[in-house]
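Student: I've just opened this one and don't know where to look. Could you walk me through it?

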Amino acid sequence: MAAHHDGDDDLISRVFADRYRLDAVVGRGGMATVYRAHDESLGRQVAVKLFHAGIGDVSQQESEFVVLAALDHHGLVTMIDAGVASDSNGRSRRYIVMPLVLGANLATRLFEAPISARHIGEIGYDMAEVLEYIHGKRVIHRDIKPSNILLVDYGNGATRARAKLADFGIALSDEVERMTAQGMTTGTAAYLSPEQASGGEVTTASDIYSLGLVLLECFTLRKEFPGAMVESAVARLSRDPRIPEDLPEHWRGLLRAMTSRNPAERPQGRELVSILKQIVIAESGRHKDSETLFPPDRPADAIADTPTVLDSLPTESLHRATALAARMFAAPISIVSVVDHDRTWFTSHYGAEVAHIAREVDLSKATVPQAEPVIVEDARNDPRAQGSSLVEGPLAIRFYVGVPLKRGDGQVIGTLSVLDFKPGSASPGQVENLQDIAAIIVAQLELRREGQRWASESSGSIPTPVSGVRVVRESILRN
C-alpha cells in the first residue's frame, strides 16, 4: 500500500508549473505521486509524475530525466516535459510529464482475468521490440515487472494487445553514472535476474530474464519466485523456473531460454523479436480474431494505474490457500476474490486438466460476495446458475461452493470458492474447513495492511486507506 505524502491532495485542481492542472491522483509510490492532469497550454490530458519533496536521491531523479530524454519509441511511455517547480506549500518539486495511458498495467490486468496466449505473445513482442531499442541505446531498465508494463486501451475494441514500458527510475545508461555499488541489489525481488539477485554485473540479458518471468506469470497467474528479497533470491539461484507442461513447445522453449541462469544463453535483440513474432503468428491461428484484451464493459477512460488493494494482497499465501481449498474438494478450480471500488481482484488455482481452458475464460465474474456460504450441487438444475457463461460455456461448471471473506466487524470483502465441472456436494465439515481457510486469508490481508501502516507511520507518512468495499447480493454464478 503506497504511502500518502503531505501536500499530495492539496495540489488537486491547482495549476502546477504554470501549465498543468492536476485533476486526480492515479498512483502513489515511495518516491513520487502520479497525477492525471490537463495541459493548459495544449489542451490535452497528461500524466505528471511529481517527486516528493525532501525524499529520495536527487541524482537518481535527475538520472531518470536524462535517460527518458534520450529515448523515443512507440513502446515506451516517453517524456513530454520535465523540470523543477514550487508546489502550493512553496517547496521545490522535480516533475516529469508523460502521455496519459488509458487501459491497465499488466499487474492489474492479471488480477482481473486470465490473458489468452495470443495476447501474451503480443505483449511479449512489444516488450522485445522496446528492449531491443533501449539496449541498442546502451540503456538497461533493471526493473521489468508487470506493474511497469502498461496495456493500452484505445477504446475502439481493437483485438491486438498493445503494451508500453514505463518507469526508468533505476535504469542504467552510459550517460548516467552507475551509482549502484558492486554487491548491491537493485530492482523488485520477484523479477530479479540471478546476476541481480547475487549482486553481480548487470547486462542487457538481465532485462530478458525478468521479461521471461513476467511472461511465465501471465500463464501461471502467480509469481515464480515470491517472498522477501533473500528468500526470492536464494530460490532463483538454486533452481530454474517451473514451466507448465501443458504449454505448447514454442512457449516452453522460449521461456526456458529467456530464464536461463546463464546470461549468454538468453535470446536478445533481433533474435528475441523474431521468435516472439513467430509465436504471435502461431497463436493468432489458434485464437479467434474477435477476442479483445479488455472486457467490453471496462470504462473507456480507465487509467493504467495499480489499485491500492493489490499492494495489500499476500499473493503467495492466496495461491496456497486456493490450492488447499481445491485439494479439499478434489476440484480443479478454486478462487479467492476481493471486491474493491466495485471491481473484483482475484487469485485462482487451476488443475492441469482445465488450465488450458481456464486461461481463455474470464473467471473474474465467477463469484460475488455473499454474507453466508453458497452451495450449488448441480448448476444445470439450479435457477441461480441459469444463463451463466461459466455453466453453458467451455468450462461447463456444475458444482460450486463459496464462503465469505469476513473482517472482524462482519464486513464481507470477498469470497473463497471452489468450482468443478462435475456435480458434487459439500458436507457441513467441509464448509467449516473452507470457512477456516477464509478466516486465515482475511487475517493475512489484515496483517499485511497493518504492517504497511506501521512502516508508513514509522517513516513519518500516513498510509492511503484501503478503499471502501461494497457487498453485492445477486446470483453467485452471473453472466
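Tutor: We can go from the overall picture to one annotated residue, then to the cores and a strand.

Student: Okay, what kind of model is it, and how many helices and strands are there?

Tutor: This is a predicted model, and the protein in it has 13 helices and 18 strands. Of its 479 residues, 54% count as buried, and the accessible surface comes to about 20100 Å², with 50% of that belonging to carbon and sulfur atoms.

Student: Which position does UniProt mark as "binding site"?

Tutor: The UniProt record, an unreviewed entry, places that feature at Lys-49, a residue found in strand S5, which covers residues 44-51.

Student: Is Lys-49 buried or exposed?

Tutor: Lys-49 has a relative accessible area of 12%, and because buried means under 20%, Lys-49 counts as buried.

Student: And what is Lys-49 in contact with, leaving aside its neighbours within four places in sequence?

Tutor: With those neighbours left aside, the contacts of Lys-49 include Ala-32, Thr-33 and Val-34, and also Glu-64, Arg-94, Tyr-95 and Asp-167.

Student: Switching topic: how many residues are in the largest nonpolar core?

Tutor: That core has 62 residues, and those with the most contacts inside it are Leu-106, Ile-134, Ile-149, Leu-165, Phe-168 and Trp-251. Helix H3, residues 117-136, supplies the largest share of this core, with 10 residues. The core also draws at least three residues from each of domain 1 (12-99) and domain 2 (106-285).

Student: What does Trp-251 touch, again leaving aside neighbours within four places in sequence?

Tutor: Trp-251 is then in contact with Ala-117, Ile-120, Gly-121, Leu-215, Phe-219, Leu-276, Ile-279 and Glu-283. There is also a second, separate core of 22 residues, which includes Ala-325, Val-403, Val-418 and Val-442.

Student: Last topic, strand S16: why is it described as largely enclosed?

Tutor: Strand S16 spans residues 399-406, and 7 of its 8 residues are buried, so the rest of the structure largely encloses it.

Student: Which strands is S16 joined to by bridges?

Tutor: Strand S15 (residues 374-376) is joined to S16 by 3 bridges, and the two run antiparallel, with Ile-375 standing opposite Val-401 in S16. Strand S17 (residues 412-420) is joined to S16 by 8 bridges, also antiparallel, and here Leu-405 stands opposite Gly-414 in S17.

Student: What do S16 and S17 form?

Tutor: They form a hairpin with 5 residues between the two strands, and Gly-410 in the turn has a positive phi of about 90°.

Key: Residues numbered from 1 in each chain as written. Predicted model: local features only at pLDDT ≥ 70, side-chain atom pairs only at ≥ 80, totals over all residues. Heavy atoms only, no water. UniProt positions renumbered as here; feature names shortened; annotations may be inferred. Helix = DSSP H or I, 4+ residues; strand = E, 2+ residues; numbered from the N terminus. Buried < 20%, exposed > 50% of the residue type's maximum accessible area, 1.4 Å probe, protein only. Contact = heavy atoms within 4.5 Å. Core = buried A, V, L, I, M, F, W, Y, C linked by side-chain atoms within 4.5 Å. Domains from an automatic or database assignment. Areas by Shrake-Rupley, 256 points an atom, 1.4 Å probe, with all protein chains shown as cover. Pairing = 2+ DSSP bridges.
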